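Here's a short tour for anyone meeting this structure for the first time. Take a look at the picture, then read on.

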Amino acid sequence: MLTPTAKKRVAILISGRGSNMVSLLEAARAPDYPAQIVLVVSNRPEAAGLERARAAGVPTLAIDHKQFATRMAFEAKLHQALLDARTDLVCNAGFMRMLTGGFVDRWRDRQLNIHPSLLPAFPGLDTHERALGEGVKVHGCTVHFVRLEMDTGPIVAQAAVPVLPGDTPESLGARVLEAEHRLYPHALRLVASGAARVVNETIEMVVPNVVPKTLFSPALYSAPET
Ligand code: GRF
């Protein structure tokens, strides 16, 4: 059984509505979840997610990037806030701010991001529109460790959804978002429990993996007790 002190301390970075943040907050309520959410930071003070985090009783912080002369000054403030909260892991959840190499290096292998496509396909914005434009039949989402180049880095987990006839970017995006809400808590569990770790820029699973029965990979599993 994991003791509360063994839980990883997680900070979530947001810029907007924060639905993925909510899915992490909800997962972290389970007594056996290997992570606790200690801070939510938004670079936009008006982000709706801040209110949702407050309502859930989680400490929040708005660090308005517009108040800083340089990207590095903004990141210095953010870094200090993460240190003050004794953060072990950072989860970007709809955090719409490019990070410099200095920040990315400081949190190397300790910072995750969720992206609404099956990377390496469709990095960047408007992923659902572009997926429809390319006529792909399977689309999805990815949780990966953050590297300097946007939407790259070792892939922790992915979930796929079908593209259906008549899909619009909105209907496809809604299907992907639902998968995101299941995937991110799963991926954070893998990382926070130590089941998934970065080795030579890919993910090594230190628990035996099973053949996925769903369009999740690695398959949903229960971490062994440590
Ligand atoms: C999600 O689709 C996420 O994959 C992307 O930005 C969106 C954020 O949504 N990076 P929310 O703020 O979590 O609702």
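## Helix H6 and what follows

Right after H6, Gly194 adopts a positive phi of about 85°. Keep in mind that this is a predicted model.

As for H6 itself, the helix covers residues 169-192. How far apart should the ends of its 24 residues be? At 1.5 Å a residue, the expected span is 34 Å, and the end C-alpha atoms are 33 Å apart, so the two values agree.

## Where the ligand sits

Now for the ligand: you'll find it in the largest pocket. Who's around it? The surrounding residues are Arg17, Gly18, Ser19, Asn20, Gly94, Ile114, His115, Pro116 and Glu180. Sorted by character, that shell has 5 polar residues, 2 nonpolar ones and 2 charged ones.

Two elements each chip in at least two residues of the shell: helix H1 (19-27) and strand E5 (111-115).

## Contacts with the ligand

Which atoms of the ligand pair up with Arg17 and Ser19? For Arg17, an N or O atom of the side chain is 2.4 Å from an oxygen atom of the ligand. Ser19 also uses its side chain, with a polar atom 2.5 Å from an oxygen atom of the ligand.

Ile114 works through its backbone instead: an N or O atom there lies 3.1 Å from a nitrogen atom of the ligand. On its own, the ligand has 360 Å² of accessible area, and the protein covers 86% of that.

Notes:
Residues are numbered from 1 along each chain as its sequence is written. This is a predicted model: local features need pLDDT of at least 70, side-chain atom pairs count only at pLDDT 80 or more; totals for chains, interfaces and linings use all residues. Side-chain values use heavy atoms; hydrogens and water are left out. A residue is near a molecule or strand if one of its heavy atoms lies within 4 Å of it. A polar contact is a pair of N or O atoms within 3.5 Å; within protein, one must be able to donate a hydrogen and the other to accept it, and residues adjacent in sequence count only if both atoms are side-chain atoms. Accessible areas come from the Shrake-Rupley method with a 1.4 Å probe; for residues, only the protein chains shown count as cover. On a 1 Å grid over the protein atoms alone, a cavity is a set of points where a 1.4 Å probe fits but cannot get out, and a pocket is an open set with protein on both sides within 12 Å along at least five of seven lines; lining residues have an atom within 4 Å of a point. A molecule sits in a cavity or pocket if more than half of its atoms lie within 2 Å of its grid points. Helices (H or I, at least four residues) and strands (E, at least two) are DSSP runs, numbered from the N terminus. Ala, Val, Leu, Ile, Met, Phe, Trp, Tyr, Cys and Pro count as nonpolar, Asp, Glu, Lys and Arg as charged, and the others, Gly among them, as polar. The expected span of a helix is 1.5 Å times one less than its number of residues.
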